[in-house]
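Q: Please take a close look at a single part of this structure. I am new to it and would like one connected account.

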Amino acid sequence: MLNLKKTAIAVLALSSSAVFAGTMGPVCTPGNVTIPCETSAWDFGVQALYLKTTYSNGFNNVGVSQSSVAPPSLANDTIQNIDPGYGWGFKLEGSYHFSTGNDLNLNWYHVNNSGNNNNDNVTLLSGFIVFGAPELTGVTAASFSTHPTWDAVNLEFGQYVNFSEMKSIRFHGGVQYARTTSDLDVTVSGIPAVSLAASTLAFDQESTFNGFGPRVGADMAYGFGNGFGVYANAATALLIGSTSYTTANVITTTATSVVTLNNLVSGSDSNLVPELEGKLGATYNFAMAQGNLGIDAGWMWVNYFSPLASVGFDTTGTEIGVADSTFGLNGPYIGLKWVGNV
């Protein structure tokens, strides 16, 4: 009898605590994480890229334009640099889909801004110093150009995972081969004899990186229905390779047909380069008689950390050592992809 009373009191006490503490809210039941059903398919895609190249550590600086302020001083000088601007490129890809959400994807990015000229026929001020060359006084014209190129080939093994009817992530891992190149050129003409006994002076700075290494990433997608969707992709790679660089000034005297090669510096080093990339975009897919066709558009960012190198000069043209530079690209893209079942 005593035990029965104790049990009743305990039940009343717990009930009273529940009243004062409040009742538990609705319980959220998580959805199932699934993988696609077994299937076999091929896909082929092409994208048009419009990307801008960026550098760091003054890699695209080519000289100093002295100020006309009297007396001249470095505080009033202007660094002359080359802005690569935007250039066209492409991405080609193909995939084989197999098993339960697996795929093997091969893709190639290529960008070549060759022929992009900036600051053509610039009117320089009281003087101009091309890095690594003598000071040029009274120069009135110079032509600047830059030629960055980028190639990246990725081989990826992917696995699709569905987190709901509308949400999915493709996890992937594989390897990347990358090649980045930058070629900066300056041609100074109309040089007075009092400044330099030459008709033209050309400055050339080239650097190339070739690397290979592992790559991993995740492609996150959300569908709105009726074929529309958005996505955010991220990937990273760690590349081992070599960086080569050459810097030279060529002074040409037309009257005597004399060509002088001045300050030729070159070198090559082993280099370990991390890479980061990201994409934000939207898609629209619609069914066709043979497979599905998708339209894809967005913005991408790619950055290689210190793959390039150049010989650095101070504002007097004196060599001060070798400096590293990042190689980055960003800009919009648009493309098509066709998927057909085997």
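A: Tyr304 touches a set of residues from several stretches of the chain in this predicted model. Leaving out residues up to four places away in sequence, its partners are Trp150, Ala152, Gln176, Ala178, Thr180, Leu239, Val273, Pro274, Glu275, Thr326 and Phe327.

Tyr304 belongs to the largest nonpolar core, which has 28 residues. Together with Leu49, Leu51, Trp150, Met300, Phe327 and Leu329, Tyr304 is among those that touch the most other members. Two of these, Trp150 and Phe327, are also on the list of residues that Tyr304 touches. At least two residues of this core come from each of β1 (41-54), β5 (102-112), β10 (149-162), β11 (167-189), β12, β13 (228-253), β15 (292-313) and β16 (319-341). In soluble globular proteins, nonpolar side chains tend to be buried together.

Tyr304 also helps to line the largest cavity. The other lining residues are Tyr109, Trp150, Ala152, Asn154, Gln176, Glu275, Glu277, Met300 and Val302. Two or more lining residues are supplied by each of β10, β14 (258-287) and β15. The space in this cavity is about 30 Å³, and the count of cavities of 30 Å³ or more comes to one.

The wider protein gives the setting. Its secondary structure consists of one helix and 16 strands. Of its 342 residues, 42% count as buried. Among contacts with a separation of 6 or more, 72% are between residues 24 or more positions apart. The protein exposes about 17600 Å², and 63% of this is supplied by carbon and sulfur atoms.

Ala221 offers a second example, in strand β12 (residues 200-225). Ala221 counts as partly exposed because its relative accessible area is 32%, which lies between the 20% and 50% cut-offs. Apart from neighbours within four places in sequence, Ala221 is in contact with Met166, Lys167, Ser168, Val230 and Tyr231. Ala221 and Arg170 are 51 residues apart in sequence, with 8.4 Å between their C-alpha atoms.

Confidence varies along the chain. The mean pLDDT of the protein is 79, and 65% of the residues reach 70 or more. Among the elements, β10 has the highest mean pLDDT (97), while helix α1 (residues 2-21) has the lowest (44). Over residues 68-75 the pLDDT stays under 50, and the model has five contacts for them beyond four places in sequence. Residues 116-126 are also below 50, with 37 contacts in the model beyond near neighbours in sequence.

Terms used:
Residues numbered from 1 in each chain as written. Predicted model: local features only at pLDDT ≥ 70, side-chain atom pairs only at ≥ 80, totals over all residues. Heavy atoms only, no water. Helix = DSSP H or I, 4+ residues; strand = E, 2+ residues; numbered from the N terminus. Buried < 20%, exposed > 50% of the residue type's maximum accessible area, 1.4 Å probe, protein only. Contact = heavy atoms within 4.5 Å. Areas by Shrake-Rupley, 256 points an atom, 1.4 Å probe, with all protein chains shown as cover. Core = buried A, V, L, I, M, F, W, Y, C linked by side-chain atoms within 4.5 Å. pLDDT = per-residue confidence, 0-100. 1 Å grid on protein atoms, 1.4 Å probe; cavity = no way out; pocket = protein on both sides within 12 Å on 5 of 7 lines; lining within 4 Å. Points joined across faces, edges and corners; volume = space filled by probe spheres on them.
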